2 protein chains.
Amino acid sequence: MTTPRPCSIADTLSVVGEKYSLLVLREVFFGVRRFNDMARNIGAPRDVLTARLNHLVEAGVLEKTPYSARPLRYEYRPTEAGRELRGVLLTLLRWGDRYLADRPPLVFEHSCGADFEAKVVCRTCGGDVSSDSMTPRFQAEGWEAAGQVSG
Amino acid sequence: MTTPRPCSIADTLSVVGEKYSLLVLREVFFGVRRFNDMARNIGAPRDVLTARLNHLVEAGVLEKTPYSARPLRYEYRPTEAGRELRGVLLTLLRWGDRYLADRPPLVFEHSCGADFEAKVVCRTCGGDVSSDSMTPRFQAEGWEAAGQVSG
DNA sequence: CCTGCAGAGTTTGAAAAGCCAACCCACTCT
DNA sequence: AGAGTGGGTTGGCTTTTCAAACTCTGCAGG
């Protein structure tokens, strides 16, 4: 068996898993729309940024629309699918704040008044995801977990 | 200003943002502990996998413990910090299931009985994260959002 | 003892991707 | 006219990635 495990995590990473891609999304969520601003805020080489933007547009995560006709200039905005990646970013942010940073460089205030910290729950019941609350059901043959889902 | 925006997302990505790193984590959550199994399930070149495992161990996300003394063999397990990355994986999984896959190759059954779908909420109040429910407060000078937080 | 096999890497050399600086084009502003 | 801005593209160099082969340690069978 030489093909990798079929998996939506891997599929998603093939869209947003390249270097800088998620940082582009971060900038877009901050309302940054233009090439030069992104390049500066992210610290990415301009040619690489060009490639990432194109990839994200092709993947349907961003869309480019002209904001100036002559000279022709585009700005980049998230699509509905792109907007739905907000949770990924917030989850990464929370992990870094917790395990890496002494003092988070950026805090969000949630509408409830508290400093926002992301938490992942079951969309149906709202319950926690603990290690033993989830049972995997593999749809493809030959890809069971080794042992139980754990960690 | 030539330094990139200070940000826990970027910091987190410097730990788990390299190619294959999150797939290593995925395997670890499935209970896969050994080098050869990971290489096969992920489809990663062996030298790259070696580098990623070492990086993740140094970063305190995985720990290696011997499971055989002669020949000396190690297995890789998540640390507490590594376990806390589960939410990142589940959020990526959900996005891929929703926007990429026709039929998800893997489904988890949550303890509530439903097929699990991840959702990100405010840890304090349990409320949704909509675009306008969060107000950024920048701790470092000069890094405001351009326009409001949006998307 | 000799042969074969498994597990976990390490080495090798070519192909791909990343990086940086410089350049270009189409305007606008002074 | 000259300088500045925005959004790239180009060329040349460095770093990663990749696949295959190789290493090393021990076990198992004949």
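## Exercises on a predicted two-chain model with DNA

Leaving aside its neighbours within four places in sequence, Val24(A) touches Met38(A), Ile42(A), Arg52(A), Leu53(A) and Leu56(A). The exercises below start from this residue in the predicted model and move outwards.

**Exercise 1. Place Val24(A) in its helix and in the nonpolar core.**

Begin with the helix: Val24(A) is among the buried residues of H2(A), and the list also holds Ser21(A), Leu22(A), Leu23(A), Leu25(A), Arg26(A), Glu27(A), Val28(A) and Phe29(A). Because nine of the nine residues of H2(A) are buried, the helix is largely enclosed by the rest of the structure. After the helix comes Gly31(A), which has a positive phi near 95°.

Next consider the core, where the largest nonpolar set has 78 residues and those touching the most other members are Val24(A), Leu89(A), Ile9(B), Val24(B) and Leu89(B). Val24 and Leu89 thus appear in this list from chain A and from chain B.

**Exercise 2. Determine how far helix H1 of chain A is covered, and find what it packs against.**

Count the buried positions of H1(A), which spans residues 8-16: eight of the nine residues are buried, and the helix is mostly covered. The buried ones are Ser8(A), Ile9(A), Ala10(A), Asp11(A), Thr12(A), Leu13(A), Val15(A) and Val16(A).

Then look at the partners, which come from both chains: within chain A the buried residues of H1(A) pack against helix H2 (21-29), and from chain B they meet helix H2 (21-29) and helix H6 (86-99).

**Exercise 3. Describe the side of chain A that touches chain B.**

First take the extent of the contact, to which chain A and chain B contribute 84 residues each. On the side of chain A, the elements giving two or more residues are H1, H2, H3, helix H5 (80-83), helix H6 (86-99), strand S3 (106-110), strand S4 (118-122) and strand S5 (134-138). H6(A) has the largest share, with twelve residues. By class, this side of chain A holds 47 nonpolar, 22 polar and 15 charged residues.

Now examine one strand of this side, S4(A), which pairs with S4(B) (residues 118-122) in the antiparallel sense over five bridges. In that pairing Val121(A) lies opposite Lys119(B). Four of the five residues of S4(A) are buried, and the strand is therefore largely enclosed by the rest of the structure.

**Exercise 4. Work out how the two copies of the chain are related.**

Two copies of a chain are related by a rotation about an axis and a shift along it. Here a turn of 180° with a shift of 0.0 Å along the axis lays chain A on chain B with an RMSD of 0.1 Å. That is the relation of a two-fold axis. The same surface serves both copies, since 99% of the contact residues of chain A recur in chain B. Among the residues of chain A, Val120(A) comes closest to the rotation axis, with its C-alpha at 2.3 Å.

**Exercise 5. Compile the surroundings of each DNA strand from the two chains.**

Start with DNA strand D, which is surrounded by 19 residues, the closest being Arg34(A), Phe35(A), Asn36(A), Asp47(A) and Arg70(B). At least two residues of this surface come from each of helix H3 (35-42), helix H4 (46-58) and strand S2 (73-78) of chain A and from helix H4 (46-58) of chain B. H4(B) gives the most, with four residues. The surface near strand D divides into eight nonpolar, two polar and nine charged residues.

Turn then to DNA strand C, where 19 residues are found and the closest are Arg70(A), Arg34(B), Phe35(B), Asn36(B) and Asp47(B). Here H4 of chain A, together with helix H3 (35-42), H4 and strand S2 (73-78) of chain B, each supply at least two residues, and H4(A) gives the most, with four. The classes near strand C are eight nonpolar, two polar and nine charged.

**Exercise 6. Trace the hairpin of chain B that contains S2(B).**

Identify the partner strand, which is S1(B) (residues 62-68), joined to S2(B) in the antiparallel sense over six bridges. The two strands form a hairpin with four residues between them, and within the pairing Leu62(B) has Pro78(B) of S2(B) as its bridge partner.

Methods. Residues numbered from 1 in each chain as written. Chains lettered and ligands numbered in written order. Predicted model: local features only at pLDDT ≥ 70, side-chain atom pairs only at ≥ 80, totals over all residues. Near = placed C-beta within 6 Å. Nonpolar A, V, L, I, M, F, W, Y, C, P; charged D, E, K, R; others polar. Buried ≥ 20, exposed ≤ 12 C-beta atoms within 10 Å, placed from the backbone. Contact = placed C-beta atoms within 7 Å. Least-squares fit on C-alpha atoms with pLDDT ≥ 70 in both. Pairing = 2+ DSSP bridges. Core = buried A, V, L, I, M, F, W, Y, C linked by C-beta atoms within 7 Å.
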